[in-house]
Amino acid sequence: MAHESFEDEETAEILNSNYVSIKVDREERPDIDAVYMKVCQALTGQGGWPLNVFLTPDQKPFYAGTYFPKDSVYGRPAFKDVLLELKSRYDQTPDKIAKIGTQIVQALSEQTKSRSKLTEKVLDQAFNAFSESLDPEFGGFGQAPKFPAPHQLMFLLRYARWNKNDQALDMVKKTLDGLAAGGIHDQIGGGFARYSTDEKWLIPHFEKMLYDQAMLAIIYTEAGQVTGDSAYEEVVEDIFSYCERELLSSNGGFYCSQDADSEGVEGKCYTWRPEEILSVLGEDEGRLFCMAYHITSEGNFEGKNVPNLIGTNLEKLAEKWRVSTQGILERLKRSREKLLIVRNRRIQPAKDDKILTSWNALIIIALAKAGKSLHKENYVNLSMAAFHFIKEYLTQNGKLMARFRDDETRYQGYLDDYAFLMLACEALYEATLDIQYLTEMRGLGDEMVRQFWDPENGGFFLQNNETARLIFPTKEAYDSAIPSGNSAAAYAMLRLSEWTGENQYAAYADRIFSAFSDEVLSYPSGYTFMLSAFHYQISGPRELIALQGEKGEKVEKSIRELNCLFLPEFTVFAGDRTALANINKNVGIYSPIGGRSTYFLCEQFVCHLPVTEIKKLKKQLFNMES
């Protein structure tokens, strides 16, 4: 619509003569988007973007729709005709239009209470839905277009662990392997595009979003912990290489995204012809690359090629070139590096250089988790720098702000900003064992409750209760491209309750589950991050308390040996007993034995015998898992 209508002079004349046109960046103002998306869904039965809503001067909506073509086609009215007809009706019957708007607002403002209660059965229902919709050949769920949806895979990974379900793990591996091989994965420059237009993950919509990089890095890190597959570690490194090269600002924050097109052509920067490959790599290496990445004269995208590894058998390729598989991998890596240098000389896609608190919190989580698991100190340093950026540039008077761009900070923070940053603080503590991050997490949790909690019906509002000026407040639970604020808040509050030993935080999560239970039960696979939080709650707590003694092992070094393991249900306190007791007074009841560093492994509020050596602790963990 931007090209067809908003840049069309005739359409612009109609708009400017009859309307006040307001274009909303839904990343900056998710609250506005959420309100009027509900309006569109109520009026038309569906939502989506572009979202067009027509309002009275007091913000009340009376008509809505998504895409309107420039000229009438496929039963859709032309945008110009819609503009003229609505103006005519408004002039003739303004009172009727105003009444319609008032009725819509009243209907959508009513808060309905859930009558159901979540049980373990809902987890099985979600799993069954994914098993029925799995693409057994390429991974992923449903039909094209396909979105990565990492939080769905995170749920399945936890379901596989807590329910000892190998099928769920196989679904995760199938999808991650398919994503890594596909054209949705930028094989030369790293990172992932938003979605694939086909079922094979072959042809992407080339736009790259920061949140996708963050969420995918998390699930590949976790899958690497579970499987020990080094290929997943390589994907994580590939993602962060892209983020650091293209999205990292000079002062530590990460930009939002990179466009799909350059020079007005989608994917132009990313596609190749065989002759281009050969001219860069030479005949021998060029032929090898073209064969491995399916670069042909016919092309797979508008006469050119999106490099991909779908169906490539590296062992057979190694046999054909009479080298080892490792030799093939090294040669392809050198070729990719050469091609990236050449690709970088092309006109590059533009970047959306907003820096959003919520999306930066996600990349902080990803970097901290990967840094901890893979023992990559530079990842942890990047995560700490991004957190410092939020404290420096996106915090005013002790409150979070939502967006920074061109030295300007705007918009009071939303629920997502607080909930995601709470989880980021937890990830930073686990990566650094710096107790200050848990203090920050608690402060964010208390402020989140003060600003966003609905004491009457439960759940958190998206927008600050004190500053909301929209026609009605909204609460989001559905996990779309990223987890919803309420899903993240439920998880964060459960974890904060474990870290502090204070049950009132867990009580907020209970009320979230109750507030949205009807909604979740109607479509469980749409609420996977909330279900991960619920699954964590009903699985029961597990704690590891590692207290530093005057003698014996350095517990920080010992804990590093456990970081490569997937232990999402554990809360790990490590360090000085007095400092830890300031966060959770319950830790104060434990003491190092005989002055030696001591490990206490507890589950369901019952502790195993304390041990003073990490090898004995590992044995306890192994016995617990088996």
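In this predicted model, the sulfur of Cys243 lies 12 Å from the closest cysteine sulfur, that of Cys256, which is too far for a bond. Cys256 accordingly takes part in no disulfide. Both side chains belong to residues with little accessible area: Cys243 is buried, with a relative accessible area of 1%, and Cys256 is also buried, at 1% relative accessibility.

One disulfide is present in the structure. This bond joins Cys602 and Cys607, whose sulfur atoms are 2.0 Å apart, within the 2.5 Å cut-off applied to such pairs. The torsion about the S-S bond of Cys602 and Cys607 is about 90 degrees, and the disulfide is therefore right-handed. The two partners fall into separate accessibility classes. Cys602 is buried, with a relative accessible area of 1%, whereas Cys607, with a relative accessible area of 34%, is partly exposed. The latter assignment follows because 34% lies between the limits of 20% for buried and 50% for exposed residues.

The nonpolar interior was examined next. In soluble globular proteins, nonpolar side chains tend to be buried together. The largest nonpolar core of the model comprises 143 residues. Within this core, the residues touching the most other members are Leu156, Leu176, Tyr220, Phe240, Met448, Phe460 and Phe513. Helix H17, spanning residues 415-432, supplies the largest share of the core, with twelve residues. A second core, separate from the largest one, has 17 residues, among them Ile188, Trp272, Phe289 and Leu317.

The surroundings of Phe513 were resolved further. With neighbours within four places in sequence left aside, Phe513 is in contact with Leu118, Ala490, Leu494, Met530, Ala533, Phe534 and Gln537.

Leu462 was considered in the same way. Leu462 is located in the loop that connects helix H18 (436-452) with helix H19 (485-500). Despite this loop position, Leu462 counts as buried because its relative accessibility is 6%, under the 20% limit. Apart from neighbours within four places in sequence, the contacts of Leu462 are Pro30, Asp31, Ala34, Tyr414, Leu415, Asp416, Phe452 and Thr474. The C-alpha atom of Leu462 is separated by 7.2 Å from that of Gly485, a residue 23 positions away along the chain.

Note on methods:
Residues are numbered from 1 along each chain as its sequence is written. This is a predicted model: local features need pLDDT of at least 70, side-chain atom pairs count only at pLDDT 80 or more; totals for chains, interfaces and linings use all residues. Side-chain values use heavy atoms; hydrogens and water are left out. A nonpolar core is a set of buried Ala, Val, Leu, Ile, Met, Phe, Trp, Tyr and Cys residues joined through side-chain atoms within 4.5 Å. Buried means under 20% relative accessible area, exposed over 50%, partly exposed in between (1.4 Å probe, protein chains only). Helices (H or I, at least four residues) and strands (E, at least two) are DSSP runs, numbered from the N terminus. Contact means heavy atoms within 4.5 Å.
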